[in-house]
Amino acid sequence: MTASIPSTDRQPGKLRVGMYWASSCGGCDISLLEIAEHLLELIQVADIVLWPCVADFKYRTVVGYPDGHLDVCLFNGGIRSSEQEEIARLLRVKSRTLVAYGACAMDGGIPALANLKSRDEIYDVVYRSNPTLQNPAKTEPMERWATPQGDLTLPRQYPQVLRLADVVHVDYQLPGCPPVGTQVWKVLQAVAAGEVPAHNDAARVGCDAKSVCDECHREKRKVRIKEFKRPHLAIPEPNWCLLEQGFVCMGAATRSGCGALCTKAEIPCRGCYGAAGLATDQGTAMLSAIGSVIDATTEERASEIVDGIVDPTGTFYRFSLASSTLKARR
């Protein structure tokens, strides 16, 4: 994208931009730098007023901002704790435009796979039974601990990871793990131009109703799948549909807009853009796609082929469990 950020007369002075991380890995913060030379254009028209990954901003400073002080806040990560929900609600009030930035904020992302386990099961692995752990007292985090200087507190961990939209209204959704630089730049340009979407539906930026398969260059030979392969155990044939070769490629059930970057690199689509088209459950959509292409005429043969998919839940819902019908293990 070569267009520059337009000037705006909505408000005197520079735009005020914030970025916050919740339950995420930090990759989204790094992805903001992928707008490359456009960073020079951004700093000419915008000031960063919140970015905990980069500078020591204090919550009390944000609390003191007037409502709507931030022109745009890029919120990455899901909601797993009481602190993250509190800050999400605070930033909604302080931001004119709130962006669910990346797969975790949009659909729960990889952190939401923890929804398949209870909090006690997670604590057991992390603090009790981990073979690399030295914790003979089985010490675990506590929400409150009394000291002579006063009570120390930790945020309350929620039973499951939530999407940002489960907590507050979202203006834009920017998919990807992480979002690509061209899409990030598109959002910043739209905000600078005052093109904020209507508040009755979050606008998805950088994707459309088509699937990754629609923009993938690989040839579809319309052959049926006899078995599934794991990517690290087999080398795919160039230029032939990876799913038809037996690799679990999520392209058939995933929104387009990324340019099919993974399949161009001989890697199956992971599904980080979320469900394609009108589908609301990415995993169910993928199961339907697989059911239509496996080479089976009996239920027994179909089960035999599908059993070759290792960790189907973690594969079909790698990024979208919090947006699915399943959401979590009950």
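This report walks through one helix, two pockets and a few buried residues of a predicted model.

## Helix α10 and its buried face

Let's start with helix α10, which runs over residues 282-291. Its buried residues are Gln282, Gly283, Met286, Ala289 and Ile290. If you look down the axis of α10, these buried residues fall within an arc of 120 degrees, so they line one face of the helix. A bit of general background helps here: an α-helix has 3.6 residues a turn, so residues three or four places apart point the same way.

What sits over that face? Part of the cover for the buried residues of α10 comes from α12, residues 312-316. There's also a polar contact at the start of α10, where a side-chain oxygen of aspartate 281 comes to within 3.2 Å of the backbone nitrogen of glycine 283.

## Glycine 283, up close

Glycine 283 is worth another look, as it belongs to helix α10. Its relative accessible area is 0%, so glycine 283 counts as buried, the cut-off being under 20%. Setting aside neighbours within four places in sequence, glycine 283 touches Phe316 and Tyr317.

For a sense of distance, try tyrosine 65. Along the chain, tyrosine 65 and glycine 283 are 218 residues apart, and their C-alpha atoms are separated by 41 Å.

## The two largest pockets

Now for the pockets. The largest pocket holds about 340 Å³ of space. Its lining is made up of 19 residues, and the ones closest to its centre are Pro231, Val248, Val310, Thr315 and Arg318. Sorted by class, that lining has 10 nonpolar, four polar and five charged residues.

The second largest pocket comes in at about 280 Å³. Here 17 residues do the lining, with Asp107, Arg163, Arg204, Arg255 and Thr280 nearest the centre. The class count for this second largest pocket is five nonpolar, seven polar and five charged residues.

## Glycine 109 in its loop

Where do you find glycine 109? Look in the loop between α5 (103-107) and α6. With a relative accessible area of 0%, glycine 109 is buried. Leaving out neighbours within four places in sequence, the residues in contact with glycine 109 are Ala103, Cys104, Arg318 and Phe319. One of these, Arg318, also turned up among the residues closest to the centre of the largest pocket.

Glycine 176 makes a handy landmark too. It is 67 residues from glycine 109 along the chain, and the C-alpha atoms of the two are separated by 9.5 Å.

## Two more buried residues

Is asparagine 135 buried or exposed? At 14% relative accessibility, asparagine 135 counts as buried. You'll find asparagine 135 in the loop between α6 (119-128) and β6 (144-147). A polar atom of the asparagine 135 side chain lies 3.0 Å from the backbone nitrogen of threonine 139.

Glutamine 84, on the other hand, is part of helix α4, residues 82-94. Its relative accessibility is 12%, so glutamine 84 counts as buried. And which residues does glutamine 84 contact, once neighbours within four places in sequence are left aside? They are Ala22, Ser23, Phe75, Gly78 and Ile79.

Technical notes
Residues are numbered from 1 along each chain as its sequence is written. This is a predicted model: local features need pLDDT of at least 70, side-chain atom pairs count only at pLDDT 80 or more; totals for chains, interfaces and linings use all residues. Side-chain values use heavy atoms; hydrogens and water are left out. Buried means under 20% relative accessible area, exposed over 50%, partly exposed in between (1.4 Å probe, protein chains only). Helices (H or I, at least four residues) and strands (E, at least two) are DSSP runs, numbered from the N terminus. The arc is that of the directions from the helix axis to the C-beta atoms. Contact means heavy atoms within 4.5 Å. A polar contact is a pair of N or O atoms within 3.5 Å; within protein, one must be able to donate a hydrogen and the other to accept it, and residues adjacent in sequence count only if both atoms are side-chain atoms. On a 1 Å grid over the protein atoms alone, a cavity is a set of points where a 1.4 Å probe fits but cannot get out, and a pocket is an open set with protein on both sides within 12 Å along at least five of seven lines; lining residues have an atom within 4 Å of a point. Grid points are joined across faces, edges and corners, and a volume is the space filled by probe spheres set on the points. Ala, Val, Leu, Ile, Met, Phe, Trp, Tyr, Cys and Pro count as nonpolar, Asp, Glu, Lys and Arg as charged, and the others, Gly among them, as polar.
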